[in-house]
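Open the model in your viewer and show it as a cartoon. The tour below goes stop by stop, with something to select at each one.

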Amino acid sequence: MRTIISILLAMTLSVAASASQDIPDQYPASLLYSKPVEVIPHVWSAIGATSPPTYENTGHNNNLSFIVTGDGVIVVNGGGAYLLAKALHDEIKKITDQPVKLVINENGQGHAMLGNSYWIEQDVPILAHVDAAHEFNDRARQILDGAKARLKERAAGTKIQGPTETFEDKKVIEMGDFRIEVLHLGPAHSPGDIQVWLPEQSLVIAGDMAFHERLLPIFDETETRGWVETWEGPFEELGATYVIPGHGHPTNMAQVRRYTHDYLVYLRGKVGELLENGGSLEEAYYVDQSPYKHLDTFDELATRNAGRVFVQMEFE
Ligand SMILES: [Zn+2]
């Protein structure tokens, strides 16, 4: 039964969820890029744009999810600005009277943490991985300045606010009808990436472990070899039926594996061949990535990703 549902889900989503980089805003009545949808009963997500952050999407270019547990709401991601977090809260209030009791940041990036400044005013505790807290601490000024330049008046109220609580490996929360396991499975896209796992529902809110529909970005701090290992080990071992990725519509493991794990392996393979043949960084930028050309943000990121993988692999 579950298999049939997940196959149907995957089919529907692959039709409905075609790339949307060219649509500047799907929910003009709100600062959110799109209206939250119920992915499985009581688990909702406002799907972000599969483009870079812009004024039009108010920096809502990642997924902002929440779980209505029966005894309070848990929000996954602070969001990229104070007013964006408020817009998400406005939607939550339309859906339930239950108060928000916890906010979880998926990592230390701006679109995970800048909205913390709204949530702290609501007296909601904020949880993140200890490495994400450090990462944000080191870069917060630069991240905030970037957001202000982009969002102009939409950045109003946004301040530097890190998490109020941190954890290292795992934190289990029993709330209402849900058992929620907040996990750090290993190195991946950025320091302190976390996954929110609902074992009874077999759903993972994967954070930036998992991408599809848009090309994933590789930063200086992204550990591509570690990401592949974390994927093949503990992330696959979850055996999730449903995946809410960091970016792109809710889907299943086959889909995110194809556009995250398989892309990393492919790109590392291409760059590895080049290194074996004594190739240079300049050549690395132009390794063939055409199988992924249809993804959003390909034009912005593909050559840069290849360059960063080259620099990493030179020292492996
Ligand atoms: Zn992200």
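**Stop 1: helix α5**

This is a predicted model. Select residues 130-151, which make up helix α5. The buried residues of this helix pack against α3 (110-113), β6 (126-129) and β7 (165-167). Which residues of α5 are buried? They are D131, A132, A133, E135, F136, I143, A147 and L151. An α-helix has 3.6 residues a turn, so residues three or four places apart point the same way. Show the side chains of the buried set, I143 and A147 among them, and look along the helix.

Now follow the helix to R139, where α5 bends by about 65°. Turn the view until β6 and β7 are behind the helix: α5 lies across both strands, and its direction makes an angle of about 95° with β6. Just after the helix comes K152, with a positive phi of about 50°.

**Stop 2: the whole protein**

Zoom out. The protein has nine helices and twelve strands. Its radius of gyration is 19 Å, close to the 20 Å that the globule rule gives for 316 residues, so the protein is as compact as a globular protein of that length. Along the principal axes, the C-alpha atoms fill a box of roughly 60 × 50 × 40 Å. Of the 316 residues, 49% are buried. Among contacts with a separation of 6 or more, 69% are between residues 24 or more positions apart.

**Stop 3: the sheet of seven strands**

Select β1 to β7. These seven strands form an open sheet in the order β1-β2-β3-β4-β5-β6-β7, with mixed pairing. Which strands stand at the edges? They are β1 and β7; each has a single partner strand, so one side of each is left without a neighbour in the sheet. From one strand to the next, the twist averages 25°.

Zoom in on the β1 edge. β1 and β2 run antiparallel and are joined by three bridges. Label I40 and V43: I40 stands opposite V43, which is in β2. Between β1 (37-40) and β2 (43-46) is a loop that holds H42. H42 is not a glycine, yet its phi is positive, about 75°. Most residues other than glycine have a negative phi. Is H42 buried, partly exposed or exposed? With 19 other C-beta atoms within 10 Å, H42 is partly exposed, because the cut-off for buried is 20 or more.

Next add helix α2, residues 82-95. α2 lies across β2, β3 (64-68), β4 (73-76) and β5 (100-104), and runs at about 30° to β3.

**Stop 4: two loops**

Go to the loop between α2 and β5, where P99 lies. P99 is partly exposed, with 13 other C-beta atoms within 10 Å. Leaving aside neighbours within four places in sequence, P99 is in contact with G72 and V73. Now draw a distance from the C-alpha of P99 to the C-alpha of Q122: the two residues are 23 apart in sequence and 10.0 Å apart in space.

From there move to D123, in the loop between α4 (116-121) and β6. D123 is another residue that is not a glycine and has a positive phi, here about 60°. D123 counts as exposed, with 8 C-beta neighbours inside 10 Å.

**Stop 5: the sheet of five strands**

Select β8 to β12. They form an open sheet in the order β8-β9-β10-β11-β12, and the pairing is mixed. The edge strands, β8 (170-175) and β12 (242-247), each pair on one side only. Neighbouring strands here are turned by 25° against each other on average, direction ignored.

How do β11 and β12 run, parallel or antiparallel? Strand β11 (residues 203-211) and β12 run parallel, joined by five bridges. Label F211 and H247 to see one residue opposite the other, with H247 in β12. Then add α7, which lies across β11 and β12 at about 10° to β11.

**Stop 6: the core**

The largest nonpolar core has 87 residues. Its residues with the most contacts inside it are I74, I104, V196 and V243. Helix α7 (residues 253-276) gives the largest share of this core, eight residues.

Finish by selecting V243. Leaving aside neighbours within four places in sequence, V243 is in contact with V204, A206, A210, P250, T251, N252, M253 and V256.

Definitions and conventions:
Residues numbered from 1 in each chain as written. Predicted model: local features only at pLDDT ≥ 70, side-chain atom pairs only at ≥ 80, totals over all residues. Bend = angle between axes of the 7 residues up to and from the residue. Helix = DSSP H or I, 4+ residues; strand = E, 2+ residues; numbered from the N terminus. Buried ≥ 20, exposed ≤ 12 C-beta atoms within 10 Å, placed from the backbone. Contact = placed C-beta atoms within 7 Å. Core = buried A, V, L, I, M, F, W, Y, C linked by C-beta atoms within 7 Å. Rg over C-alpha atoms; globule rule 2.2 N^0.38 Å. Pairing = 2+ DSSP bridges. Axes fitted to C-alpha atoms, helices over the stretch in contact; angles between N-to-C directions.
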